[in-house]
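Subject: Handing over a structure, with notes

Dear colleague,

I am passing this structure on to you, and I would be glad if you looked through it before reading my notes. The sequence and the structure come first, and the notes come after.

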Amino acid sequence: MVNIQNLNKAFGRNQVLDNLSLEIDQKGVTAILGPNGSGKTTLIKSILGMVIPDKGAITINGKDIKKDVLYRENLDYLPQIADFPDNLKVKELIKMIKDLRNKPARDETLIRFFGLGPFLDKKFNTLSGGTRQKVNLVLAFMFDSPLIILDEPSSGLDPVSLIRLKEWINREKAQGKIILVTSHIMSFVEEIAENIAFLLDGKIYFNGSLSELKIKTGREDLEHAIAALLLENDHPALVYHES
Amino acid sequence: MLKIIRYSFFDLARSRWSYAYFLFYLLLGTVLLFLNNNLSGAIITLMNVNIILVPLIATVFGVMYHYNSREFTNLLLAQPLKRSAIFTGQYFGIAGSLSLSLVLGLGIPFAAYGLFRSAMIWNFAVLLITGVALTFIFTSLAFNIALSNENRIKGFGYAILLWLLLAVVYDGIFLLLLAGFQEYPLEKFSLVATVFNPVDLSRILILLKLDISALMGYTGAVFKQFFGTSAGGIFSSLMLSLWILLPLWRMRRIAKKKDF
């Protein structure tokens, strides 16, 4: 479904993606993990066409994403930071995106699911961080697309909303969708993800199922398995932990 | 793209600044008509205000809008929309909204004064057309600057610098050169130099139409001599359209390659 071939991207002298190749065909949740600055968001933004790679190709359902923007019709994206126009009401924002996409949307179901009803008439800049994230989630899940990309979906959510989010992700999974998630919260990843792609310095170091990762590293939980992967590669991100 | 034009247009039309801009022109038009008590005098004064002020407002608004609507832009970029459609749409939205403030702000007092019953109507139309053209030109230049500079302070700096250069400094240097080399034939040089500055082009376009040789200045006279009134008008309008199209084309090219 998503096929990434030899992707290179540098910002100035900083090589963020280094000849990265990755294929995601498995239905369900694939978590893209890696330390800060490993290139996760750049990878996601490349898939979305927001970052233009220096070299390499990305195809979705066999179609090169450079050639046509219409692949984004079948793709939902949750940005890492819920940054939306400040002067719009939540209601207006949702209406605007619906109008731009021109597709049937399940916004009402989602508003009820995440309990956003009381906030619909508020302006976006008056909302708390968690509520903003819920608006972000409604906008991302609204269109029932077969491919969903979530960048740090759990950030700022209270425990109840977090449970809701996991519940919703499980519903989406049951429909056979492909979901890409980045997160730094390993317990969250462990609960929802079947597959792990581990990214380090712009390269994929591991791509396989969660159980394969545990077997490979000989660790019981994901947090230690990831740490083991980092240690194995002698990564500077661990220097502080060791000393 | 139409939807984006609509959103950008109303986004700006709702803001306080575009009302202030509209009211400013309303006031200026009314006051000038009362002071001059004739249409042609008011048009000449307005021309002088327009060719300085319109570029400034369009440049500042263009840059400001781009930086302030980053979130909106990022939201749009994740939708199935072409980049060129997003930025061209935003461009037409903001330039259209500014032009509307200008046209209504000046049009209302002039219409009330009895413009439609006078022979001045075409001269006034040329004033508005150059005002709108300058709005579109400087908005697209502003978008170019803002898209090429991530840093807002830098972007604003370059934009103001560009305005200063084209609206103020250019004429000064031009005059200095004309004075310094007055023994030489400078017709061709001054023609070319005028074409490279949209502010000068608009001035000449209005002056040719008003046919006031006293205010024409050196370039105006050369222009008239070289092209005659009507060919000069067509040529300068053509050049003004190029001044809109070329930056717009470059803007779309930058937008295609940019990372967000």
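What follows is an account of what was found, going from the annotated regions to the interface and then to the salt bridges.

Please keep in mind throughout that this is a predicted model.

Annotated regions

For chain A, an unreviewed UniProt entry places the feature "domain: ABC transporter" at residues 2-226. Over residues 2-226 of chain A the model is 34% helix and 28% strand, and the C-alpha atoms at the two ends of that span are 24 Å apart.

For chain B, the UniProt record, again an unreviewed entry, gives the feature "transmembrane region" at residues 20-36, 42-65, 91-115, 121-147, 159-181 and 226-249. Two of these spans can be described from the model: residues 121-147 of chain B are 100% helix and 0% strand, with end C-alpha atoms 39 Å apart, while residues 159-181 of chain B are 96% helix and 0% strand, with end C-alpha atoms 31 Å apart.

Where the two chains meet

The size of an interface is often given as the accessible area lost when the parts come together. Chain A and chain B bury about 2100 Å² between them, and 58% of this area is on carbon and sulfur atoms. On the side of chain A, the residues that lose the most area to chain B are A:M50, A:R72 and A:L100, which together account for 30% of what that side buries. Counted by residues, 25 of chain A are in contact with 23 of chain B.

The interface also has polar and charged pairs, with 13 residue pairs in polar contact across it, both residues of each pair being at pLDDT 80 or more. The elements of chain A that give two or more residues to the side touching chain B are β1 (2-11), α1 (40-48) and α2 (90-101), and α2(A) supplies the largest share, seven residues. By residue type, the side of chain A that touches chain B divides into 14 nonpolar, three polar and eight charged residues.

Three salt bridges are counted between chain A and chain B; one of them joins the side chains of A:K9 and B:D259, at 2.6 Å from N to O.

Salt bridges over the whole model

Over all chains, the count comes to 19 salt bridges. In one of them A:K203 pairs with A:D18, and their closest N and O atoms are 3.3 Å apart. Because A:K203 lies in strand β10 (residues 203-209) of chain A and A:D18 in strand β2 (residues 14-24) of chain A, the pair ties together parts that are 185 residues apart in sequence. A:K203 is partly exposed at 36% relative accessibility, and A:D18 is partly exposed at 27%.

The side chains of B:R203 and B:D171 also meet in a salt bridge, at 2.5 Å from N to O. B:R203 belongs to helix α9 (residues 198-210) of chain B and B:D171 to helix α7 (residues 152-180) of chain B, so this pair ties together parts that are 32 residues apart in sequence.

Is the salt bridge between A:E172 and A:K177, at 2.6 Å from N to O, made by residues that are buried or exposed? A:E172 is buried, with 1% relative accessibility, and A:K177 is buried as well, with a relative accessible area of 4%. Through salt bridges that share partners, A:R106, A:D144, A:E172 and A:K177 are joined into one network.

With best wishes

Methods. Residues numbered from 1 in each chain as written. Chains lettered and ligands numbered in written order. Predicted model: local features only at pLDDT ≥ 70, side-chain atom pairs only at ≥ 80, totals over all residues. Heavy atoms only, no water. UniProt positions renumbered as here; feature names shortened; annotations may be inferred. Helix = DSSP H or I, 4+ residues; strand = E, 2+ residues; numbered from the N terminus. Contact = heavy atoms within 4.5 Å. Buried area = accessible area lost by both parts, 1.4 Å probe. Salt bridge = Lys/Arg side-chain N within 4 Å of Asp/Glu carboxyl O. Polar contact = N/O pair within 3.5 Å; in protein donor to acceptor, adjacent residues only side chain to side chain. Nonpolar A, V, L, I, M, F, W, Y, C, P; charged D, E, K, R; others polar. Buried < 20%, exposed > 50% of the residue type's maximum accessible area, 1.4 Å probe, protein only.
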